[in-house]
Amino acid sequence: MAQLVSYGASAPTNFNDSLSRAITPSPIILAEFGLTVPAANTDVVLSGMVGVRSTLGLPDVLVQVLRDSMVIASTISSPLALLEFRNIPLNFVDRNVSEGFHVYRLVASLTTSSLTTNANAVGPITLIGEGIQKI
């Protein structure tokens, strides 16, 4: 049996093409929230979405979820065409998180040369976390 013990969310935008933020080789923070884990034996179920559009070449975009400063999940998305729009979904369970307050961040960066490729985060951008305690 399990019980929901905490919840956090960050949704800078829920809509396609609702913003335009350049993704750089250095990670940029797209969404973040704080979450208190009240006891040991708690998992945090994370889900999110990043809408990306390639603006030059065919960029590889690395999307990561961090707990505090540690990478706990990542995925790479590669567009198939210039100006292609792609939603990058994220689903991850952060198992047995230590008790206390934690900051979860959704970040994105280019893994290809920024001289020949570019991409923008254009929305939707969401990150949701639910602390589930095993009873």
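This passage describes the fold, core, cavity, salt bridges and backbone features of a predicted model.

The chain contains 9 strands and 0 helices. Its order along the sequence is β-β-β-β-β-β-β-β-β. The radius of gyration is 16 Å, close to the 14 Å that the globule rule gives for 135 residues, so the chain is as compact as a globular protein of that length. Along the principal axes, the C-alpha atoms fill a box of roughly 50 × 25 × 20 Å. Of the 135 residues in the chain, 43% are buried.

The interior was examined next. The largest nonpolar core comprises 27 residues. Within this core, the residues with the most contacts are Ile23, Val61, Val63, Val65, Tyr104 and Leu106. At least two core residues come from each of β3 (28–37), β4, β5 (61–67), β6 (70–77), β7, β8 (100–110) and β9 (118–134). The largest share belongs to β3, which supplies 6 residues.

The cavity search returned 1 cavity of 30 Å³ or more. The space in this largest cavity is about 50 Å³. Its lining consists of Val52, Arg53, Ser54, Val61, Ser77, Pro79, Glu84, Arg86 and Ile88. Two elements, β4 (42–56) and β7 (85–97), each give two or more residues to the lining. Strand β4 contributes the most, with 3 residues. By character, the lining divides into 4 nonpolar, 2 polar and 3 charged residues. Val61 appears both in this lining and among the residues with the most contacts inside the largest nonpolar core.

Charged side chains form 6 salt bridges in the structure. One of them joins Asp17 to Arg53, with the closest N and O atoms 2.6 Å apart. Asp17 lies in the loop between β1 (2–13) and β2 (21–23), and Arg53 lies in strand β4, so the pair ties together parts that are 36 residues apart in sequence. Asp17 has a relative accessible area of 48% and is partly exposed. Arg53 also lines the largest cavity.

A further salt bridge pairs Arg105 with Glu32, at 2.9 Å from N to O. This pair links distant parts of the chain, with Arg105 in strand β8 and Glu32 in strand β3, 73 residues apart. Both partners are partly exposed. Relative accessibility is 23% for Arg105 and 37% for Glu32. Strand β3 thus carries Glu32 and also provides the largest share of the nonpolar core.

Glu84 and Arg86 form another salt bridge, the closest N and O atoms being 3.0 Å apart. Both residues belong to the lining of the largest cavity. Arg86 counts as partly exposed, at 25% relative accessibility. The cavity lining therefore includes Arg53, Glu84 and Arg86, which fall in the charged class under the residue grouping used here. Arg53 is bridged to Asp17, while Glu84 and Arg86 are bridged to each other. Elsewhere, Asp43, Arg95 and Lys134 are linked in a network of salt bridges.

Backbone geometry shows several features of note. The peptide bond from Gly123 to Pro124 is cis, and its omega is near 5°. Pro124 is located in strand β9, one of the strands that supply at least two residues of the nonpolar core.

Positive phi values occur at Asp17 and Asn41, neither of them glycine. For Asp17, phi is near 50°. This residue sits in the loop between β1 and β2 and is the salt-bridge partner of Arg53. For Asn41, phi is near 70°. Asn41 is placed in the loop between β3 and β4. Its relative accessible area is 38%, and Asn41 is partly exposed. Asp17 likewise counts as partly exposed, at 48% relative accessibility.

Terms used:
Residues numbered from 1 in each chain as written. Predicted model: local features only at pLDDT ≥ 70, side-chain atom pairs only at ≥ 80, totals over all residues. Heavy atoms only, no water. 1 Å grid on protein atoms, 1.4 Å probe; cavity = no way out; pocket = protein on both sides within 12 Å on 5 of 7 lines; lining within 4 Å. Points joined across faces, edges and corners; volume = space filled by probe spheres on them. Helix = DSSP H or I, 4+ residues; strand = E, 2+ residues; numbered from the N terminus. Core = buried A, V, L, I, M, F, W, Y, C linked by side-chain atoms within 4.5 Å. Buried < 20%, exposed > 50% of the residue type's maximum accessible area, 1.4 Å probe, protein only. Salt bridge = Lys/Arg side-chain N within 4 Å of Asp/Glu carboxyl O. Rg over C-alpha atoms; globule rule 2.2 N^0.38 Å.
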